[in-house]
Amino acid sequence: MKKHILLGISGGIAAYKSCELVRLLKKQGHEVSVAMSRAATEFVTPLTFQALSGRPVLSETHQAGDGNGMAHINLTREADIFLIAPASANTLAKIANGIADNLLTNLAAARKCPLAVAPAMNVEMWRNPANQRNIAQLLSDGITVFPPANGEQACGETGTGRMPEAAELADLLPDLWTEKSLSGKRVLITLGATFEAIDPVRGITNLSSGQMGAALARACRAAGADVSLVCGQVQTALPAGMGETVRVLGTEEMYGAVMRRVRDCDVFISVAAVADYKVSNASGQKLKKDGSGRPPVIELAENPDILASVAALPDAPFCVGFAAESERVLEYARAKRIRKNIPLIAANDVSVAMGKASNQITLIDDAGETALPLCGKDETAAAIVRRIAELLPARGCGAAYPAPS
Ligand code: CTP
């Protein structure tokens, strides 16, 4: 859903990260207006943000040439959300105490839309009891606080206080306006490709990038779920705010990691492209050419079917599968849903989906089939989550599938 985001920038070196943040939010399709404190303009010029946002940038409460001179009211009236990033200790303290003495603090006081802040400060300033009191006050006032990250700071000290990276904020921000349709649900997702070793340096794997799994993880988190990942090989950044992320290599390892965790879950989404066979005669040492010209013989043995095994558990969570096919997509997907005994399967054509940023899927469940449009994987993921949320109450969590007639 495209939004109008008002981005407030207070004085701090992390202001440079906000340039990238504007770019990422625009790339997500949002409108971005930027308002700066006077101190922020010492770090990055308003012109930089004007060029990136494509809109005029204000830094004074009453600025000459600004319409009716009521920018501190007008800007938040246009906005769906007000994010202050970086938010300095000084700005946070003022907002927590209702002080309105510059453009940002006036906007915060006059706003009708939700406010989120991304604090950025030195580790001792962050720990300071007065700052912690202010943060507690902001939280109790319903303001979202994106916790600062830990690491090396511009001042040379190390600890908590760094503003989260722009990509993380752009990833987390849409959670604020997403309907909490999976609130309180625990979701386990497998994603990426598994890898079956032939010898210590070679193996059998596939072209899955993990993008669809990462998009689903984001969509479930945005819908209020507590999400854990069991992750094979991926060529994408994993989303922030996950409960637990376990890295695995082979299908058997993924099977073990899933089985140890899935009993606590309400929903299991199997997006991983799982190797159906492992190498039963894998070599402990790197295979060498023996000069005969004969290739080595690689013997295969069948791996467990993780999704079918989870669906067969007595208290199975609501299971969602993917069918990535190169031909007869719907026919194979329908058969897989029945064979694996799962309520919902997402069918897609590998040529459209694998390694791409977009996807076109058809959702197949008891009620019928819904072809979603070709769109970005985040949009596809949001549609899948909406369908899961619709089906969950009817099916209930942990109910055996198919439901007794
Ligand atoms: N899957 C799984 N464990 C396996 C194989 C597949 O959990 N050993 C899951 C996948 O994550 C996906 C669904 O089952 O959600 C279908 O996977 P797919 O590779 O399309 O089908 P297969 O069951 O492997 O059947 P086939 O190879 O015949 O297409």
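1. Which residues is serine 18 in contact with, leaving aside its neighbours within four places in sequence? They are Leu7, Ile9, Phe49, Ala85, Pro86 and Met163. Bear in mind as you look around that this is a predicted model. Serine 18 sits in helix α1, and at 0% relative accessibility it counts as buried.

2. Two of those contacts deserve a look of their own. Alanine 85 and proline 86 are joined by a cis peptide bond, with omega at about 0°. Proline 86 belongs to strand β3, which runs over residues 81-87. So if you start at serine 18 and follow its contacts, Ala85 and Pro86 are among them.

3. Stay with helix α1 for a moment. Lysine 17 makes a salt bridge with glutamate 165, and the closest N and O atoms are 3.2 Å apart. Lysine 17 is in helix α1 (residues 15-27) and glutamate 165 is in the loop between β7 (158-162) and α8 (166-172), so the pair ties together parts that are 148 residues apart in sequence. The two ends differ in cover: lysine 17 is buried, with a relative accessible area of 7%, whereas glutamate 165 is partly exposed at 40%.

4. How many salt bridges does the structure hold? The count is 22. As general background, side chains of opposite charge can pair when their charged atoms come close. Another pair to find is glutamate 369 with arginine 334, at 2.5 Å from N to O. This one also links distant parts of the chain: glutamate 369 is in strand β20 (residues 368-371) and arginine 334 in helix α12 (residues 329-340), 35 residues apart. Both partners are partly exposed, with glutamate 369 at 38% relative accessibility and arginine 334 at 37%. Some salt bridges share partners, and in this way Lys17, Arg162 and Glu165 are joined into one network.

5. Arginine 328 is worth a stop for its backbone as well as its side chain. Its phi is positive, about 40°, although the residue is not a glycine. You'll find arginine 328 in the loop between β16 (318-325) and α12, partly exposed at 46% relative accessibility. Its side chain forms a salt bridge with glutamate 331, the closest N and O atoms being 2.9 Å apart. Glutamate 331 is partly exposed too, with a relative accessible area of 39%.

6. Now look at the loop between α12 and β17 (344-349), where asparagine 341 lies. Asparagine 341 is not a glycine either, yet its phi is positive, near 60°. At 29% relative accessibility, asparagine 341 counts as partly exposed.

7. On to the interior. The largest nonpolar core has 37 residues, and those with the most contacts inside it are Leu182, Ile189, Leu216, Cys220, Ile269, Ile384 and Ile388. Elements giving two or more residues to this core include β8, α9 (211-222), β11, β13 and α14 (377-395). Which element gives the largest share of this core? That is α14, with 8 residues. For a close-up, try cysteine 220: not counting residues up to four places away in sequence, it touches Leu182, Val187, Ile189, Ala225, Val227, Ile269 and Val385. There is also a second, separate core of 32 residues, which includes Leu7, Ala15, Ile81 and Leu173. Leu7 is one of the contacts of serine 18 from the opening point.

8. Helix α10 (residues 251-261) is a good example of a helix with buried residues, namely Thr251, Met254, Gly256, Ala257, Val258 and Met259. What covers them includes strands β8 (186-191), β9 (196-197), β11 (226-231), β12 (244-247) and β13 (267-270), along with helix α11 (306-311).

9. Finally, the ligand. It is surrounded by 15 residues, the closest being Ser270, Ala272, Leu307, Lys336 and Lys340. Some polar contacts are made by the backbone. A polar backbone atom of alanine 272 is 2.7 Å from an oxygen atom of the ligand. Nitrogen atoms of the ligand come into play as well: one is 3.0 Å from a backbone N or O atom of proline 304, and a polar backbone atom of isoleucine 306 lies 3.0 Å from a ligand nitrogen. How much of the ligand does the protein cover? It covers 79% of the 570 Å² of accessible area that the ligand has on its own.

Note on methods
Residues are numbered from 1 along each chain as its sequence is written. This is a predicted model: local features need pLDDT of at least 70, side-chain atom pairs count only at pLDDT 80 or more; totals for chains, interfaces and linings use all residues. Side-chain values use heavy atoms; hydrogens and water are left out. A salt bridge is a side-chain nitrogen of Lys or Arg within 4 Å of a carboxyl oxygen of Asp or Glu. Helices (H or I, at least four residues) and strands (E, at least two) are DSSP runs, numbered from the N terminus. Buried means under 20% relative accessible area, exposed over 50%, partly exposed in between (1.4 Å probe, protein chains only). Contact means heavy atoms within 4.5 Å. A nonpolar core is a set of buried Ala, Val, Leu, Ile, Met, Phe, Trp, Tyr and Cys residues joined through side-chain atoms within 4.5 Å. A residue is near a molecule or strand if one of its heavy atoms lies within 4 Å of it. A polar contact is a pair of N or O atoms within 3.5 Å; within protein, one must be able to donate a hydrogen and the other to accept it, and residues adjacent in sequence count only if both atoms are side-chain atoms. Accessible areas come from the Shrake-Rupley method with a 1.4 Å probe; for residues, only the protein chains shown count as cover.
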